[in-house]
Amino acid sequence: MSSRPIATAAMLAIGDELLSGRTKDKNIGQLADVLFLAGIDLKEVRIVGDDEDAIVEALNALRARHTYVFTSGGIGPTHDDITADAVSKAFGVPCLYDPLAMQLLGAMYERRGVEFNAARQRMARMPEGAVHIENAVSTAPGFHIGNVYVMAGVPQVFTAMLGTVVPKLEGGVPMLSRSVASPFGEGDIGSALAGIQKKHPETSIGSYPRFSENRFSTEIVIRSREDAPAEAAERDILQMIAEIAAAKAAS
């Protein structure tokens with residue numbers, strides 16, 4: 001096994017619109033995909049509304065447990081965009097108008113011929129001591145402080161910010177993944193598959209049911225940071241499938 005430490009992450013998705021169903025979150029899956037490739041384990045996801053105390057509580061809990069915390073949402077120009085205030089409160093620092101953010105936003109709105117009013121200036125607020133996360137899509141920066149990375153909720157902007165942030169992070173050993181197609185449903189393979197997982201603790205084995213042509217089948221995915229444990233688990237899974245097939249043929 002590699003001696004490199006395993007980096008873990010959590011995500012905090014913020015917004016009443018997520019909890020009401022008005023907005024369907026797309027950022028969780030995007031973050032999971034990007035972190036998987038970087039060798040960072042996404043261990044936990046929370047969704048909270050636009051409530052400062054709830055954001056502070058969740059953020060403090062997550063940042064104490066994980067190497068990195070990523071937030072999405074709540075850094076826009078409206079009254080309910082309170083993420084910057086909540087992050088500042090969590091870290092015990094004031095929330096200030098960042099001079100560089102003010103300059104970037106002011107210049108952008110001037111180019112567009114749009115008034116840089118008080119509402120739009122709110123997007124320049126961030127905790128004292130925070131570092132910018134570049135926003136190549138719409139200029140308004142995200143920020144990071146400590147191990148917390150605060151990004152926009154708009155998927156296109158969130159993805160662009162991730163592209164800036166993740167390459168700079170210290171990841172672990174990337175997960176390897178291989179899949180086995182089982183012609184049997186989870187009801188047929190569940191017990192045996194649980195035994196295989198117990199036998200191979202260095203792997204993570206997931207089963208994903210499929211239904212086609214009036215019959216169930218299962219895709220079995222094996223994940224591991226080393227190839228040898230995944231190969232061993234795959235051999236046992238293939239043997240399990242062969243034994244089930246033989247038993248069904250004999251019955």
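The protein chain carries 24 positive and 31 negative side chains, and the centres of the two sets are 2 Å apart. Lys and Arg are counted as positive and Asp and Glu as negative, while His and the chain ends are not counted; each charge is placed at NZ of Lys, CZ of Arg, CG of Asp or CD of Glu. The structure is a predicted model, in which local features need pLDDT of at least 70 and side-chain atom pairs count only at pLDDT 80 or more, whereas totals for chains, interfaces and linings use all residues. Residues are numbered from 1 along each chain as its sequence is written, and side-chain values use heavy atoms, with hydrogens and water left out.

The protein chain contains nine helices and 11 strands. These are DSSP runs numbered from the N terminus, with helices being H or I of at least four residues and strands being E of at least two. The radius of gyration of the protein chain is 23 Å, well over the 18 Å that the globule rule gives for 251 residues, so the chain is more spread out than a compact globule. The radius is taken over C-alpha atoms, and the globule rule is 2.2 Å times the number of residues to the power 0.38. The C-alpha trace spans about 80 × 45 × 35 Å along its principal axes.

Of the 251 residues in the protein chain, 42% are buried. Buried means under 20% relative accessible area, exposed means over 50%, and partly exposed lies in between (1.4 Å probe, protein chains only). The accessible surface amounts to about 13000 Å², and carbon and sulfur atoms contribute 53% of this surface. The areas come from the Shrake-Rupley method with a 1.4 Å probe, and for residues only the protein chains shown count as cover. Among contacts (heavy atoms within 4.5 Å) with a separation of 6 or more, 68% are between residues 24 or more positions apart.

Two residues of strand β2 (residues 40-48) were examined. Leu42 lies in this strand and is partly exposed, with a relative accessible area of 25%. Beyond four places in sequence, Leu42 touches Ala9, Ala10, Met11, Ile28, Leu31, Ala32 and Leu35. One of these partners, Leu31, is 11 residues from Leu42 along the chain, and the two C-alpha atoms are separated by 8.3 Å. Val48, also in β2, is buried at a relative accessible area of 12%. Its contacts outside the four-place window include Leu12, Ala13, Ile14, Gly15 and Leu19, together with Ala54, Ile55 and Ala58. The C-alpha atoms of Val48 and Leu12 are 7.4 Å apart, with their positions 36 residues apart along the chain.

Helix α4 covers residues 83-91 and includes Thr83. Thr83 counts as buried, at 1% relative accessibility. The buried residues of α4 are Thr83, Ala84, Ala86, Val87, Ser88 and Ala90. In an α-helix there are 3.6 residues a turn, so residues three or four places apart point the same way. The side chain of Thr83 reaches the backbone oxygen of Gly73 at 2.8 Å. This is a polar contact, defined as a pair of N or O atoms within 3.5 Å; within protein, one atom must be able to donate a hydrogen and the other to accept it, and residues adjacent in sequence count only if both atoms are side-chain atoms. Gly73 is also among the residues that Thr83 touches beyond four places in sequence, the others being Ile14, Thr71, Gly74, Ile75 and Val150. After α4 comes Gly92, with a positive phi near 70°.

The loop between β6 (131-133) and β7 (142-145) contains Thr139 and Asn135. Thr139 is not a glycine, yet its phi is positive, at about 75°. Thr139 is partly exposed, with a relative accessible area of 21%, whereas Asn135 counts as buried at 7%. The side chain of Asn135 reaches the backbone nitrogen of Val137 at 2.9 Å. Beyond four places in sequence, Asn135 is in contact with Ala140, Pro141, Val157 and Met161.

Arg225 is located in the loop between β11 (215-224) and α9 (227-250) and counts as buried at 12% relative accessibility. Its side chain makes a polar contact of 2.6 Å with the side chain of Asp41, and a polar atom of the Arg225 side chain lies 3.4 Å from the backbone oxygen of Gly39. Arg225 and Gly39 are 186 residues apart in sequence, with a C-alpha to C-alpha distance of 8.7 Å. Beyond four places in sequence, the residues touched by Arg225 also include Ile6, Val173, Pro174, Met175 and Leu176.
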